Amino acid sequence: MAIPLKEFQIHLLGFRMRVSGPAPDIDLLMDSLYSNCQEPPEVKPDVFYRVEAEGGIYKVSRLASPGSGKTSDPCEVFCTQDNNELFWRLENALCEGAMEQARGMLLIHGAAVERDGRATIIMGKSYSGKSTLAIHLIRNGFRLLSDEVILVDLETGLLKPFPRNLFVREGALRDKNVQGGGATDRGEFVLDGLQLGRWQYQDPGGQKKWMLDPLTVATSGFAEEAQVERIVCLQRHRKRHPMLEPSSQRESVEMMVSNAVNLDKLAGDGWDVRGLDTIVHMVRSAENLKLQAPHAGEAWKLLHKHLNIQGQP
């Protein structure tokens, strides 16, 4: 008996992507894959992603929408035998597909939250605790703008919302349903009572990460576009005392340039000077902070105090 097919559509950054495939697999994907950006598949999509399952192997292909002027021949994106990997690789493919169409945008590796139309940017190396700080902030009156990738409109200098799910390291969780240890002896479990999604994966650095829908953390929803008020340069030093202090504008500019992921592409589009000017303008108009801590829990205590947030950190 043939397995029925099903489809759903995602509208992300003005780009429409339709995903189709076997109904049981699509039902699982629909539950978590950009669930905040789904729309009825009535408007013509820009691109199709087709999921095929045969002999225990998933094959995902990408096809341009007919009439788009691009070749409509299917292009294989990836193959996998694991439905968990199917989710993560498809999520990443959709993210990259939408960002490729984000014209006139500066993309920065980091996290951003908003309150009252003012944005706080958090930058730092991988595993420094950016997502953890963002989760703490949206639990305390802020709204999520984006995690992993920050979008800056080069025309207005405003941060744009990117409603992607959060990805949180297992070591930052204190949840009895999570298997495996973590580092309780180092005080790394700094988040309590989060409602985790069904999906987990192991990143290239060997860290297990879980998907987290921001709307289960706080009911305030995603932020609208916002002007930068604060830039936090996060540094993780296990052997140093926690410290929060002003950062020089030069340090913030250097950090932002090093975390900008598409300056080369902007140069090809003639936007490179605007990109650098936007970075300098954001830094000059913002409060610039340098936050050093052995782990994200200590970093949150310092930021909590600095922002005069009520209650215990």
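Here is a short chat about how a few residues in this predicted model get their labels.

Me: What should I know about the model before we start?
Reply: It's predicted, so local features need pLDDT of at least 70 and side-chain atom pairs count only at pLDDT 80 or more, while totals for chains, interfaces and linings use all residues. Residues are numbered from 1 along each chain as its sequence is written, and side-chain values use heavy atoms, with hydrogens and water left out.

Me: Why is T120 called buried?
Reply: Buried means under 20% relative accessible area, exposed means over 50%, and partly exposed is in between (1.4 Å probe, protein chains only). T120 has 1%, so buried is the word for T120.

Me: Where does T120 sit, and what does T120 touch?
Reply: T120 is in strand β9, residues 118-124 (strands are DSSP E runs of at least two residues, helices are H or I runs of at least four, both numbered from the N terminus). Leaving out residues up to four places away in sequence, T120 touches A111, A112, V113, F142, R230 and V232; a contact means heavy atoms within 4.5 Å.

Me: What makes T120 and R230 a polar contact?
Reply: The rule wants a pair of N or O atoms within 3.5 Å; within protein, one must be able to donate a hydrogen and the other to accept it, and residues adjacent in sequence count only if both atoms are side-chain atoms. The side chains of T120 and R230 are joined at 2.8 Å, which fits that cut-off.

Me: How do you know that R164 and E91 form a salt bridge?
Reply: A salt bridge needs a side-chain nitrogen of Lys or Arg within 4 Å of a carboxyl oxygen of Asp or Glu. R164 and E91 come in at 2.6 Å, N to O, so they qualify. R164 lies in the loop between β12 (159-160) and β13 (166-169) and E91 in helix α2 (residues 83-100), so the pair ties together parts 73 residues apart in sequence. Both R164 and E91 are buried.

Me: What about K160 and E225?
Reply: Their closest N and O atoms are 2.6 Å apart, and that's a salt bridge too. D153 joins K160 and E225 in a network of salt bridges.

Me: Why is K160 called partly exposed?
Reply: Its relative accessible area is 22%, so K160 gets that label. E225, at 38%, also counts as partly exposed.

Me: Why is K290 called buried or exposed, whichever applies?
Reply: K290 has 13% relative accessibility, so K290 counts as buried. Its salt-bridge partner is E245, with the closest N and O atoms 3.6 Å apart. E245, at 26%, is partly exposed.
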